[in-house]
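Here's a quick walk through this fold, taking the sheets, a hairpin, a salt bridge and the empty spaces in turn. Keep the 3D view open while you read.

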Amino acid sequence: MRLILPTHDNVYRHLAAESYFLKNAEEPILMLWFSSPSIVCGKHQNLGAEVNYRLCRERGISLARRISGGGTVYHDLGNLNFSFIQALPEGLEKAIDYKRYLEPMRQALRALGIDTTYSYKDDLLLNNLKISGNAQHIDQRRKWALHHGTLLYSADLGNLSAALHTRGHYEGKGIASRPSPVVNIQDAIRCTWSPEEFRSRLAQQFNDQFAYVEQPINSSESHQIEEITQNTLQTEAWILGYSPSYSHSRSYELNRQPCEIKLSTERGIVTSFSIDSLGREPWKEQTQACLGKPLSEALLAQLFDSTEWASEQAFLEFI
């Protein structure tokens, strides 16, 4: 069984590695990885309805979408992510089985003095507070599973709370997250390990208890992972455009004038868009130019570059 401990912190490459190995791995894999501050939403979620998009851009928090379902999660260098990728021994009959992967994780954590329990949703709890959210994706053709989750070790919980707080009102078919009270492992058990030392100790337990042997990603695998990163997982067509169809409205004040923003999309394409200010539509030319085009930050920046919305990048309020 193969253990991968990546040295980079690029969330898109990590998610691309999961996708690549799900389709190409020949032996069970466990990947333990860190990413720079990021928000990762589930495949079937509306990103805008899950996060404070503008705050994320201002704080340098990357926005990403994974191939599995489930809720939106926050990553940073104090959060250790784990990815199990392996064949389903009994086929698809019992494919969705969180405890198949979480029990070994619980055993490894217990050996480090971290005794967890399950929530009713099969999250991992420490002192009745959530430290790990999980999701799965099944490749039905190969009959392989990807199970991945988070381990809050010393994450910035202030960033987590602020970023996972949307503004405005959204209506659509996206699956909404259900936030739970959380705690950092480091605070709960009062340990002084660095996040890297925590990963090393956890990796050693998986080697000792389950015979996972470290084998880094090779150059051929890295090349193919980079293609998936560039062509899919880092594109706005995937991150924003894959959001389910939705309608979005919010109130905003610009130059001390109230504005009412209304925007609708269908498969990532803008179908209606208006900005009303005191009964007028002063930016109608820009909003009409968005119709029929994929919603993207670049499009909004281009169209609103010569308006008052550009001065404070207020167009980020549209997403």
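Which residue in β5 does S38 stand opposite? It's H75. Before going further, bear in mind that this is a predicted model.

**The three-stranded sheet**

That S38–H75 pair belongs to the contact between β3 (residues 38-41) and β5, which pair in the antiparallel sense over three bridges. Together with β4, these strands make an open sheet in the order β4-β3-β5, and the pairing is mixed. The edges are taken by β4 (62-65) and β5 (73-75), each of which pairs on one side only. From one strand to the next, the twist averages 25 degrees.

**The six-stranded sheet**

There's also an open sheet of six strands, again with mixed pairing, and its order is β10-β11-β6-β2-β1-β13. β10 (134-139) and β13 (213-214) stand at the edges with a single partner strand each, so one side of each has no neighbour in the sheet. If you want to look at one of those edges, go to β1 (residues 2-4): its pairing with β13 is parallel and runs over two bridges. Here R2 stands opposite V213 in β13.

**Helix α1 and the two sheets**

Now find α1, residues 11-24. This helix lies across five strands of the six-stranded sheet, namely β1, β2 (29-33), β6 (79-87), β10 and β11 (144-152). Its direction is at about 180 degrees to β2. α1 also lies across β3, β4 and β5, and there it runs at about 15 degrees to β4.

**A hairpin and a salt bridge**

Further along, β8 (124-126) and β9 (residues 129-132) run antiparallel, joined by three bridges. L125 stands opposite K130 in β9. The two strands form a hairpin with two residues between them, and N127 in the turn has a positive phi of about 55 degrees.

Just before β8 sits a loop worth a click: the one between β7 (117-118) and β8 holds D122. What does D122 pair with? It forms a salt bridge with K99, and the closest N and O atoms are 2.8 Å apart. K99 sits in helix α4 (residues 98-111), so to speak, 23 residues away from D122, and the pair links distant parts of the chain. In total, the count of salt bridges comes to 11.

**Empty spaces**

How many cavities of 30 Å³ or more are there? The count is three. The table puts the largest cavity beside the second largest pocket.

| Space | Volume | Nonpolar lining residues | Polar lining residues | Charged lining residues |
|---|---|---|---|---|
| Largest cavity | about 60 Å³ | four | six | no charged |
| Second largest pocket | about 180 Å³ | five | three | two |

The lining of the largest cavity includes N46, G48, L240, G241, S243 and Y246. T265, G268, L295 and I319 are also among its lining residues.

The second largest pocket takes part of its lining from I4, L5, P6, T7, H8 and R13. E214, P216, I217 and S222 line it too. You've met some of this neighbourhood already: I4 is in β1, residues 2-4, R13 falls within α1, residues 11-24, and E214 is in the edge strand β13 (213-214).

Technical notes: Residues are numbered from 1 along each chain as its sequence is written. This is a predicted model: local features need pLDDT of at least 70, side-chain atom pairs count only at pLDDT 80 or more; totals for chains, interfaces and linings use all residues. Side-chain values use heavy atoms; hydrogens and water are left out. On a 1 Å grid over the protein atoms alone, a cavity is a set of points where a 1.4 Å probe fits but cannot get out, and a pocket is an open set with protein on both sides within 12 Å along at least five of seven lines; lining residues have an atom within 4 Å of a point. Grid points are joined across faces, edges and corners, and a volume is the space filled by probe spheres set on the points. Ala, Val, Leu, Ile, Met, Phe, Trp, Tyr, Cys and Pro count as nonpolar, Asp, Glu, Lys and Arg as charged, and the others, Gly among them, as polar. Two strands pair if DSSP finds at least two bridges between them. Helices (H or I, at least four residues) and strands (E, at least two) are DSSP runs, numbered from the N terminus. Contact means heavy atoms within 4.5 Å. Axes are lines fitted to C-alpha atoms, for helices over the stretch in contact, and angles run from 0 to 180 degrees between N-to-C directions. A salt bridge is a side-chain nitrogen of Lys or Arg within 4 Å of a carboxyl oxygen of Asp or Glu.
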